[in-house]
Amino acid sequence: GMIFEKSSTRTRVSFEVGIYHLGGTGLFLSKNDLQIGRGETIHDTAKTLSGFLDAIMIRTFAHQTAVDLATHARVPVINGLTDLAHPCQALADYQAILEQKGRLHGLKIAYVGDPNNVTNSLMMGAAKLGLHFTIGAPSGYPVNDFVWKRAKEEATKTGALLEIFEDPREAVEKADVIYTDVWTSMGQEAESAIRLQAFQGYQVDDALVRYARPDYSFMHCLPAHRGEEVAASVIDGPNSIVFEEAENRLHAQKALMVAVMQGEHYTHG
């Protein structure tokens, strides 16, 4: 079952096709299709759906919604996106980097722009995998404190290096990968004008990428706004692997679904 409280292109299609590839049937369940849209509790929804489904994927706003669903469900629950984290995207991203670079440990990834849910999951992945991860963002847009502390703890175990810069050029210096995302995410539309002003100077353009390694890879979780967070010459240029990483949503999530549904014990967090 695939619960969507947020609209999607890549998440819906990749999960639905992946389920079919694995021989299963995927049910698309929008908030308008379920009683949670009319006030039924997540607790009751989790208990009910657990009697019908082998696994649940949820794409929602509040992270606590996904946590509560996982707490009360008797089947595996996959986080398809919350305001705090986007772990399925990070899995696909690191698969793409591994395919492109042949390794992960020791590489440098520079994230430029708004520190959001994608940033959080990429940073946690870098900490667990032993990468050098930098963030270039304006001072008024801090990294999530909870995720930062958790990532720093993981980094002590793997030798990962995590750094935050206000100057995007410092963040990108000698990077193997440059990553960005939209400056205004879903649910933040009212802040759009303020954000467009705040992130001036943080566009990933031809001038900024010169600070990275010559063979850098450009990544973006999509959808992208050309002319805002990234120049068309970069996202459509020879160093861009945005569509390779998008395709990997299908492959990484198939592996994830097999892992959680074949496992004897389910965990959440």
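User: Helices (H or I, at least four residues) and strands (E, at least two) are DSSP runs, numbered from the N terminus. How many helices and strands does the chain have?
Analyst: Bear in mind that this is a predicted model, where local features need pLDDT of at least 70, side-chain atom pairs count only at pLDDT 80 or more, and totals for chains, interfaces and linings use all residues. Residues are numbered from 1 along each chain as its sequence is written, and side-chain values use heavy atoms, with hydrogens and water left out. The secondary structure comes to 11 helices and nine strands.

User: What is the radius of gyration of the chain, and what would a compact globule have?
Analyst: The radius is taken over C-alpha atoms, and the globule rule is 2.2 Å times the number of residues to the power 0.38. For 269 residues a compact globule would be near 18 Å, which agrees with the chain's 19 Å.

User: Which helix gives the largest share of the largest nonpolar core?
Analyst: Such a core is a set of buried (under 20% relative accessible area, 1.4 Å probe, protein chains only) Ala, Val, Leu, Ile, Met, Phe, Trp, Tyr and Cys residues joined through side-chain atoms within 4.5 Å. This one has 30 residues, with Y94, I97, M123, F133 and L162 having the most contacts inside it. Its largest share, six residues, comes from α5.

User: Which residues does F133 touch, leaving out those up to four places away in sequence?
Analyst: Contact means heavy atoms within 4.5 Å. By that rule F133 touches I109, Y111, T119, L122, M123, A126, L161, L162 and E163.

Technical notes: Buried means under 20% relative accessible area, exposed over 50%, partly exposed in between (1.4 Å probe, protein chains only).
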